[in-house]
Structure formats: C-alpha cells, structure tokens
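Work through the exercises below with the sequence and the structure open. Each task is followed by a solution in steps.

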Amino acid sequence: MSRSHRPTHPLPISRRRLGVATGAFVLTAALCGGLAPAVPASAASADDSTRASRVAVANPGFESGLSGWVSKGKGTAALETGGHDSPTRLTHHLPSAGQATTTQKVKKVAPGWWTFSAWVKSGGTTGSSTLSLTGCGQGSSKDAAGTTVVPSTESDDGWLHLSVSAEVTHSQCTLTLTTAGDAGSWASIDDVTFTPGRVTREIRGADLSGLPRNEDKGAVYLDVQGRPTDAVEQISAAGANMARLKVWVDPTDGYNDQDDVVAMAKRIEASGMELLVDFHYSDRWTDPGAQTMPKAWVGLSAPEVATRIHDHTRSVLDALAVEGITADAVQVGNEINPGMVWPLGQTWDVDPSDGVSGAQWDNLAMFLSAGSAAVREVSPDTDVVLHLTNINNGIDGLTWWFDQATARGVDFDVIGLSYYSYWHGSLSDLQQAVTVLTARYDRDALVVETSYPWTLADDPDHTWENVVAQASMLTAGYPATPAGQAANFRAVQDVVASAPGGRGTGVVAWEPAWTAVDGAGWDPDDPTSGNAWENQAMWDFDGRPLPALDEYAAD
C-alpha cells in the first residue's frame with residue numbers, strides 16, 4: 001500500500017504514512033510563475049508524478065542571492081556562509097523586536113496536498129520562527145495555511161529538516177519564512193523543496209501506566225473550567241490517539257500486572273485511542289541500568305525463560321482479546337540496549353560475579369523471538385516494537401544493537417526510541433537517529449518516551465527531589481515553563497515527523513498524568529517513596545491542564 005494513501009481505518013504503525021507539525025520559525029513558501037505545473041500524487045500517472053516531484057523552487061539554496069524570493073520587514077534577511085548542503089543560506093536577524101518575512105509564490109500547482117520542506121536553524125525567543133504555506137485555497141479558504149514552528153537549535157547549532165503541508169485548491173501557494181519576536185531572534189533556511197504529498201504527526205501518544213494507581217491514591221484531574229474529569233477522556237479529547245501501558249510480571253504493589261493492564265485497556269479502547277503494550281519482562285522498572293529477571297523465573301535455563309516470555313506475552317494479549325481488544329503495537333522489552341532478563345539476555349557482561357560471562361546475543365535473540373512469536377499468534381497485524389535508548393551515545397551504539405538482532409533473524413516491525421532532550425542529545429541527534437535507523441533497517445520509527453518539565457519547583461505538598469531540578473539540565477531554547485514544556489513536546493513531534501525518508505511515525509509522552517499524590521511514588525516495593533516526575537506532568541500541582549496537552553491536536 002502506498003505510504004501516501006492510507007484508509008480511514010487505522011493501520012499498524014509499520015504500514016502508515018506519518019506526518020509533521022513544527023515549532024518556532026515561520027516559513028511560508030510559494031513557487032514563482034512560469035514553472036512547470038505540479039501534479040499531486042493522488043492524481044498523477046507515474047510519469048506525471050515524477051515530473052511533479054521535479055518542480056523546482058527558484059533558487060532553493062540561495063546560491064543566486066535573493067533571486068526568486070521577496071524579503072520584507074524590520075529585521076534583516078541576509079545571505080550567510082555555512083549552508084546545509086551549499087556554501088550559502090538565508091538568515092533572518094531581528095536587531096530589535098519586530099518581524100521579517102521571506103516569500104516565494106508557486107503557481108500552476110495541481111489540486112491536492114503539497115509539502116514545503118527546508119533545512120532550518122533558529123534561536124532567540126522560543127517559537128519566534130515558522131514555516132508556512134498560505135494562499136493555497138480559494139474562496140473562503142484562500143488564506144488557509146499550514147504552519148509549523150522552527151525548533152530551537154541553540155543546543156548544538158545543528159540543521160533540522162522541517163516540513164509543513166497544505167491542501168492546494170487554488171493552483172498556487174506561497175512559501176513563507178517568518179521570524180517575529182524579540183531582539184536577537186533569528187532563523188536560517190536552506191535547500192527548500194515543494195513536493196506533492198502530506199506530512200503529519202500521525203501518532204500522538206501518552207503513556208498512562210501510572211494513572212490507575214494515581215487515581216486510587218486520590219489524584220484529581222481538572223478540565224479548563226476547573227471541573228473534575230476523566231484523564232483518559234481528557235487526553236483523548238485533546239487529540240492523543242495512542243496510549244501506552246507497561247506490563248510487569250508480578251509487581252509487589254499489584255499495579256501494572258495483567259489484570260490492571262486489561263482494565264486500563266478497556267478505558268483506552270472506549271476513548272477511541274489505540275493501544276501500545278510495553279512488556280518489561282520483570283517485576284519492576286527496566287531500563288539501561290536494570291533488567292531484573294522476574295523472581296519466579298530465577299534459576300531457569302535460557303530455553304525455559306524463553307518459554308516464560310512467550311507464555312507471559314500470550315497470556316496478557318489473550319486476556320485483552322477476551323475483552324474484544326487487540327493491541328495495535330507491542331513492545332518486546334523496554335530500553336533493552338543492555339539486553340533483558342539479566343544475566344541470561346545481557347548484551348555485555350553486566351556483573352562479572354554472576355556466573356554468566358560476556359554478551360549473550362543468541363539468548364537475547366531467542367527471548368525477543370519468543371515474545372514476537374506470541375504477538376503474531378494472537379494478531380498478525382499487531383506491530384512488534386524493539387525499544388532502545390541513549391541516542392546521545394552515538395548512532396553506532398544503536399546500529400551495533402540492531403545489526404546483532406537482525407543478523408539473528410529477530411522478527412520486528414518498528415524501531416522504538418526514548419528521547420529526553422535533557423539526557424539524549426540534540427533534536428538534530430534525534431532526527432539523525434530516526435533517519436539512519438529507518439533507512440538501514442527498512443522499518444518505521446516511533447519515539448515511545450519523551451518528556452520535559454514545566455517548572456523546576458517541587459510540589460510543595462509532596463516534596464521529593466525531581467529528576468530535572470536544576471536549570472543546568474534544561475535544553476537551550478526551552479525554559480522550564482508551561483509554554484516551554486509545550487514547545488519542547490511539539491518540537492520533538494515535528495522533528496520526528498519531518499525526518500528525511502518519511503518514516504518517523506510519531507511520539508509518545510511518558511507518564512503525562514503522573515502528578516504527585518501520597519502512595520504513588522517511584523518504588524513499587526516502597527509505598528512511602530515519592531514522585532520525582534510531577535514537574536514533567538501535563539497537569540499542574542493543582543490538577544489543572546497545562547498547554548502541552550494542546551500539542552496533541554491533529555494537524
């Protein structure tokens with residue numbers, strides 16, 4: 001099936017064409033008159049589609065100065081060296097508060113969806129620059145536009161590929177770069193394209209694993225009018241279309257086990273969201289620092305553990321099926337760079353004293369294949385996700401892992417990634433990971449965890465040192481404010497959706513409903529443990545919704 005045409009009924013992640021929304025820099029683009037007519041993919045023959053994809057933006061890399069472009073406003077629009085893939089780039093600078101725009105009009109554009117893309121950088125006021133398509137409609141919709149914010153690149157000055165789409169009904173569009181804000185705001189653009197098709201943020205997800213416990217312990221979630229509401233329904237109404245639930249084998253506190261997951265999945269199904277089930281294959285948290293084998297599996301041989309993995313996966317998915325629920329995607333393991341069910345499935349010698357020496361790749365492949373086989377038995381259309389993290393350690397650390405897995409024939413559909421900008425490098429690092437991994441392994445990529453703080457303060461009624469508590473941890477360009485949190489969440493979504501190759505499927509926010517309440521802390525073995533995450537939730541300390549929820553809205 002063509003990735004640019006999908007039916008109304010949701011498809012598995014691996015068979016979707018996903019899309020973009022963007023951040024802080026306004027770019028509006030239009031082709032100049034006299035160019036060859038453009039033909040949308042939906043109406044084109046093979047020859048016409050090829051011709052349409054070659055419709056040229058005049059002077060897309062600014063090698064000919066500003067020829068083909070029109071710049072206006074109080075700010076400066078100047079050519080600079082250091083382009084993305086050419087000697088030059090166009091840069092807006094605002095010496096004082098104001099606005100600068102650079103436009104180009106494209107004419108004789110055939111009806112249909114079209115996408116304006118460019119390589120961009122920006123800095124200064126958060127959200128001060130955007131890419132836009134305007135004047136693409138006719139009649140009352142003549143001024144309808146697609147707009148995406150250019151994310152801040154101040155953390156590493158790296159180039160980002162950014163896209164914005166609009167439906168053309170008026171035979172023309174204007175491509176526009178806009179920078180509007182305080183003195184010092186700036187944006188650069190290079191290598192502009194205008195092509196048929198649409199880019200959107202297809203998957204807009206939320207991990208709601210901790211919500212049942214929070215609710216049981218007294219957490220209250222309010223709507224914008226201050227009225228108590230159901231958090232699942234509220235986040236779905238905001239535009240979230242997938243929820244993620246973790247599964248533990250035999251947790252001490254009874255939460256996140258099979259029964260808990262089935263009960264929560266029923267609420268997710270009723271809300272209209274899709275379901276991503278995240279198997280940890282442990283009784284508690286797993287991550288790069290801990291992949292503890294369930295207590296009941298300790299002492300088993302590797303083949304016996306593989307059988308337990310299969311049967312546990314199958315049991316949870318069968319229990320969902322009894323309720324008429326089929327998971328849309330399943331993670332076989334959580335942040336499994338170091339392997340899982342240590343020590344038998346380790347990818348390096350985690351503990352030299354445990355009697356298991358060196359990497360156990362064959363065991364790990366057997367474990368992953370056992371989980372994947374159970375998913376296929378219940379639902380062949382459910383996507384199998386393999387989830388890694390630590391993008392900041394370099395792309396080689398990720399390709400090393402997937403090379404080992406694919407060489408052993410592990411069956412999976414989607415590359416899952418964690419990305420927290422205060423830990424895992426720049427947005428450019430994230431986009432490079434999505435681009436390289438999807439191309440190398442011919443799979444889609446989904447960011448299954450991300451988050452950002454809206455404050456550095458601790459909830460005064462539930463003090464426990466936060467994971468992100470110092471300004472030195474913050475990502476340049478994104479303050480710890482409600483607006484900064486929302487901008488960061490949107491930037492991550494847009495960067496994934498705009499990744500070259502078009503195979504970044506979306507983003508899932510991690511535990512946006514984990515507000516602070518007594519008894520719902522970090523440690524499932526210790527009811528008195530506190531919450532170090534409430535300053536990254538999408539409801540404030542009083543349970544009121546924060547602006548980040550608005551970034552779930554569909555394109």
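**Exercise 1. Surroundings of one strand residue**

Which residues does Leu388 touch, not counting residues up to four places away in sequence?

Solution. The model is predicted: local features need pLDDT of at least 70, side-chain atom pairs count only at pLDDT 80 or more, and totals for chains, interfaces and linings use all residues. Residues are numbered from 1 along each chain as its sequence is written, and side-chain values use heavy atoms, with hydrogens and water left out.

Step 1. Place the residue: Leu388 lies in strand 18 (residues 383-388). Helices (H or I, at least four residues) and strands (E, at least two) are DSSP runs numbered from the N terminus.

Step 2. List the contacts, where contact means heavy atoms within 4.5 Å. Leu388 touches Glu335, Ile336, Asn337, Leu398, Trp401, Phe402, Gly416, Leu417 and Ser418.

Step 3. Check burial, with buried meaning under 20% relative accessible area, exposed over 50% and partly exposed in between (1.4 Å probe, protein chains only). Leu388 has a relative accessible area of 0% and is buried.

Step 4. Look along the chain: Pro288 is 100 residues from Leu388, yet their C-alpha atoms are separated by 8.8 Å.

**Exercise 2. Backbone exceptions**

Find residues with a positive phi and a cis peptide bond, and place them.

Solution. Most residues other than glycine have a negative phi, and most peptide bonds are trans.

Step 1. Glu335, one of the contacts of Leu388, has a positive phi near 50°. Glu335 sits in the loop between strand 15 (329-332) and strand 16, and is buried at a relative accessible area of 8%.

Step 2. For Tyr281 phi is near 55°, also a positive value. Tyr281 belongs to the loop between strand 14 (274-279) and helix 5; with a relative accessible area of 0%, Tyr281 is buried.

Step 3. The cis bond runs from Trp342 to Pro343, with omega near 0°. Pro343 is in the loop between strand 16 (339-340) and strand 17 (345-346).

**Exercise 3. Salt bridges**

How many salt bridges are there, and which parts of the chain do they link?

Solution. A salt bridge is a side-chain nitrogen of Lys or Arg within 4 Å of a carboxyl oxygen of Asp or Glu.

Step 1. Count: the rule gives 28 salt bridges.

Step 2. Arg213 pairs with Asp253, with 3.6 Å between the closest N and O atoms. The two are 40 residues apart, Arg213 in helix 2 (residues 211-216) and Asp253 in the loop between strand 13 (242-247) and helix 4 (258-271). Arg213 is buried at 11%, whereas Asp253 is partly exposed at 25%.

Step 3. Glu449 and Arg244 form a salt bridge at 3.2 Å, N to O. This pair joins strand 20 (residues 444-449) to strand 13 across 205 residues, and both partners are buried.

Step 4. Asp411 and Arg376 meet at 2.9 Å, N to O. Asp411 is in the loop between helix 7 (395-407) and strand 19 (414-418) and Arg376 is in helix 6 (residues 361-378), so the salt bridge ties together parts 35 residues apart in sequence. Asp411 is partly exposed, at 34%.

Step 5. A network of salt bridges links Arg201, Arg490, Asp494, Glu551 and Asp555.

**Exercise 4. Helix packing and cores**

Describe how helix 6 meets helix 7, then locate the nonpolar cores.

Solution. Two packed helices are described by the angle between their axes and the distance between the axes.

Step 1. The axes (lines fitted to C-alpha atoms, for helices over the stretch in contact, with angles from 0 to 180 degrees between N-to-C directions) come within 10 Å and cross at roughly 70°. Helix 6 is therefore roughly perpendicular to helix 7, a class that covers 65 to 115 degrees.

Step 2. Trp361, Leu364 and Leu368 of helix 6 make the contact with Trp400, Trp401, Gln404 and Ala405 of helix 7.

Step 3. A nonpolar core is a set of buried Ala, Val, Leu, Ile, Met, Phe, Trp, Tyr and Cys residues joined through side-chain atoms within 4.5 Å. The largest has 123 residues, and Phe116, Ile189, Phe194 and Trp401 have the most contacts inside it. Helix 5 (residues 302-322) gives the most to this core, eight residues.

Step 4. Another core lies apart from it and has nine residues, among them Ile203, Met242, Val414 and Val508.

Note on methods. Parallel < 35°, antiparallel > 145°, perpendicular 65-115°, else oblique.
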